[in-house]
Amino acid sequence: MSTRPVTHRKGSIWRTIQAVSWSFVGLRARGDYEKDVEQLNPVHIVIVALVGVLVFVGSLILLATWVVGK
């Protein structure tokens, strides 16, 4: 584990989005997971995950509205 405090971890936003996306799919290599634990800020992961959930639910609602409307 890293000795850096959680709030001082500097992971890129792109790496955070990738980690959350792979988590949604359920596929993640163990080595990549361990790197994410050491490098990414958990607060950023939670924020990206919430945005991802909102986008996913919104797209499902739009798709259902579009299908029912036809």
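## A three-helix chain, helix by helix

The protein chain has three helices and zero strands. This is a predicted model, and reading along the sequence gives the pattern α-α-α. Buried residues account for 11% of the 70 residues in the protein chain. Among contacts between residues at least 6 apart in sequence, 79% join residues at least 24 apart.

A word on confidence before we look around. The average pLDDT of the protein chain is 84, and 86% of the residues score at least 70. Among the elements, α3 has the highest mean pLDDT, at 94, while α2 has the lowest, at 81.

### Helix α1 and its buried face

Let's start with α1, which covers residues 13-25. Its 13 residues should span 18 Å at 1.5 Å a residue, and the end C-alpha atoms are 19 Å apart, which agrees. Thr16, Ala19 and Val20 are buried in this helix. Seen down the axis of α1, the buried residues fall within an arc of 95°, so they line one face of the helix. A general point about helices helps here: an α-helix has 3.6 residues a turn, so residues three or four places apart point the same way.

What covers the buried residues of α1? The cover includes α2 and α3. On the face turned away from the buried side of α1, you will find the exposed residues Trp14 and Val25. Just after α1 comes Gly26, which takes a positive phi of about 95°.

### Where α1 meets α3

Thr16 is a good place to look at how α1 is packed. Thr16 lies in helix α1 and has a relative accessible area of 1%, so it is buried, the cut-off being under 20%. Leaving aside neighbours within four places in sequence, Thr16 is in contact with Leu40, His44, Ile45 and Val48.

Val48 takes us to the other side of this contact, as Val48 lies in helix α3. Val48 is buried too, with a relative accessible area of 16%. Although Val48 and Thr16 are 32 residues apart in sequence, their C-alpha atoms are 7.3 Å apart in space. With neighbours within four places again left aside, Val48 is in contact with Ile13, Thr16, Ile17 and Val20.

Helix α3 itself has 28 residues, which at 1.5 Å a residue should span 40 Å; the end C-alpha atoms are 40 Å apart, which agrees.

### Helix α2 and the salt bridge

Helix α2 runs over residues 30-39. How many salt bridges does a search of the whole structure find? The search finds one. In this salt bridge the side chains of Asp36 and Arg15 meet, with 3.0 Å from N to O. The pair links distant parts of the chain, with Asp36 in helix α2 and Arg15 in helix α1, 21 residues apart. Are the two partners buried or exposed? Asp36 counts as buried, at 7% relative accessibility, whereas Arg15 is partly exposed, with a relative accessible area of 23%.

Asp32 also has its place in helix α2. Asp32 is partly exposed, with a relative accessible area of 29%. The C-alpha atoms of Asp32 and Ala19 are separated by 8.4 Å, and the two residues are 13 apart along the chain.

### The cap on α3

Between α2 and α3 (42-69) there is a loop, and Asn41 is found in it. Which end of α3 does Asn41 cap? Asn41 caps the N-terminal end, where a side-chain oxygen lies 3.0 Å from the backbone nitrogen of Val43. Asn41 is buried, with a relative accessible area of 7%.

### Accessibility at a glance

Here are the residues discussed above, set side by side.

| Residue | Relative accessible area | Class |
|---|---|---|
| Thr16 | 1% | buried |
| Asp36 | 7% | buried |
| Asn41 | 7% | buried |
| Val48 | 16% | buried |
| Arg15 | 23% | partly exposed |
| Asp32 | 29% | partly exposed |

If you have the structure open, Thr16 is a handy starting point: from Thr16 in α1, you can follow the contact to Val48 in α3. From Arg15, the salt bridge leads to Asp36 in α2.

Key:
Residues are numbered from 1 along each chain as its sequence is written. This is a predicted model: local features need pLDDT of at least 70, side-chain atom pairs count only at pLDDT 80 or more; totals for chains, interfaces and linings use all residues. Side-chain values use heavy atoms; hydrogens and water are left out. Helices (H or I, at least four residues) and strands (E, at least two) are DSSP runs, numbered from the N terminus. Buried means under 20% relative accessible area, exposed over 50%, partly exposed in between (1.4 Å probe, protein chains only). A salt bridge is a side-chain nitrogen of Lys or Arg within 4 Å of a carboxyl oxygen of Asp or Glu. The expected span of a helix is 1.5 Å times one less than its number of residues. The arc is that of the directions from the helix axis to the C-beta atoms. Contact means heavy atoms within 4.5 Å. pLDDT is the predictor's confidence in each residue, from 0 to 100. A polar contact is a pair of N or O atoms within 3.5 Å; within protein, one must be able to donate a hydrogen and the other to accept it, and residues adjacent in sequence count only if both atoms are side-chain atoms.
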